[in-house]
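Colleague: I would like to go through the salt bridges of this model with you. Please keep the answers short.

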Amino acid sequence: MAHPVTRMRRLRRNETIRGMVRENRLAREDLILPLFVVEGSGVRESIGSMPGVDRFSVDQVVVEAKRVADLGLPGVILFGIPDEKDARGSGADAEGGIIQRATRAIADAVPDLAVMTDVCLCEYTDHGHCGLLNGEEVENDSSVERLAATAVSHARAGASIVAPSDMMDGRVAAIRSALDAEGFEDVAILSYAAKYASAFYGPFRDAAESTPAFGDRRAYQMDPPNRREAMREMKLDLEEGADMLMVKPAMAYLDILSDARREFDVPLAAYHVSGEYSMIKAAGERGWLDADAAMFESLISMKRAGADLILTYAAAEVAERL
Ligand code: PBG
């Protein structure tokens with residue numbers, strides 16, 4: 001029955017009533033904080049393109065991980081920035097590599113925190129691509145072998161969840177079988193299943209020094225206009241053994257999240273990427289909007305679209321306010 005019998009405003013009158021009928025909530029348990037790890041000790045340096053985000057040396061990242069656990073976040077995802085890079089990304093699976101040391105240190109010091117690792121070659125290759133090159137082409141199958149070795153090295157260091165973000169074909173299956181062969185059957189795979197070739201990664205590439213030396217990532221990451229293709233990507237990753245699926249970026253791809261929620265009954269993650277984070281911060285610094293409110297509204301949109309987990313650089317500050 002329409003107005004005047006039905007009055008939608010009755011349930012919006014005050015915060016108690018609004019809270020009673022609220023459909024979605026953001027909880028600390030939903031939030032995963034990405035952390036950048038660099039060589040050295042005592043290092044905690046800010047990142048110009050990402051206000052409020054720092055790069056940490058291993059000793060300092062442990063301090064940050066403790067703080068994050070105390071705030072009630074369930075996990076962190078680590079990105080390594082090595083001093084040395086080469087064509088094959090040797091640092092990615094090096095036993096004493098930056099991520100391996102950071103993972104070990106956090107897993108030992110903060111055992112209740114889930115240590116997740118980004119599995120990719122782009123931070124470790126001198127050309128900045130996510131796989132191995134053959135001429136100017138990123139070769140799929142040889143890259144997949146390197147990625148599987150990288151995932152195993154992360155598991156050996158104590159990672160409980162590995163997250164391949166390279167977008168090579170068949171990498172989830174290769175990682176699953178390599179993990180199993182080494183006795184890491186219990187290490188889970190969070191697949192960056194629908195990862196788009198996005199301009200919103202700009203600030204991250206500054207932070208991680210992973211901008212491709214030539215070309216771009218459009219030959220492996222998804223084409224932004226495509227929607228149905230994302231469901232094929234996700235289905236394949238599930239068949240290959242992914243435990244959880246991720247959509248990335250998040251805000252510009254809420255339709256994909258919503259489709260995935262309807263299509264797959266598995267845990268779904270949204271990656272609120274660097275550009276999505278930094279543009280809110282930048283507008284806030286200029287006084288053009290209320291950054292805290294805009295951040296919250298962005299994150300709740302991901303929950304509304306169907307995300308279970310959100311990877312965001314705002315995880316700690318938002319958890320403090322919840
Ligand atoms: C590595 C990787 C990237 C991001 C996460 N993992 C960069 C890229 O694909 O260029 C982006 C994260 C962000 O922008 O916050 N492949």
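Colleague: Is Glu-15 buried, partly exposed or exposed?
Modeller: The model is predicted, so the value is computed from predicted coordinates. Buried means under 20% relative accessible area and exposed means over 50%. Glu-15 has a relative accessibility of 44%, so Glu-15 counts as partly exposed.

Colleague: Which residue does Glu-15 meet in a salt bridge?
Modeller: The partner lies in helix H1 (residues 15–20) together with Glu-15, three residues apart, about one turn of the helix. The partner is partly exposed, at 32% relative accessible area. The N to O distance is 3.2 Å, and the partner is Arg-18.

Colleague: Asp-166 forms a salt bridge with Arg-171; are the two buried or exposed?
Modeller: The closest N and O atoms of the pair are 3.3 Å apart. Buried requires a relative accessible area under 20%. Asp-166 is at 0% and Arg-171 is at 2%, so both count as buried.

Colleague: How many residues apart in sequence are the parts that Lys-281 and Glu-317 tie together?
Modeller: The side chains of Lys-281 and Glu-317 meet in a salt bridge at 2.7 Å, N to O. Lys-281 lies in helix H9 (residues 274–285) and Glu-317 in helix H11 (residues 315–321), so the parts tied together are 36 residues apart.

Colleague: Which residues are joined into one network by salt bridges that share partners?
Modeller: By the 4 Å rule, the count comes to 25 salt bridges. Those that share partners join Arg-44, Asp-54, Glu-64, Arg-67 and Glu-320.

How values were computed. Residues are numbered from 1 along each chain as its sequence is written. This is a predicted model: local features need pLDDT of at least 70, side-chain atom pairs count only at pLDDT 80 or more; totals for chains, interfaces and linings use all residues. Side-chain values use heavy atoms; hydrogens and water are left out. Helices (H or I, at least four residues) and strands (E, at least two) are DSSP runs, numbered from the N terminus. Buried means under 20% relative accessible area, exposed over 50%, partly exposed in between (1.4 Å probe, protein chains only).
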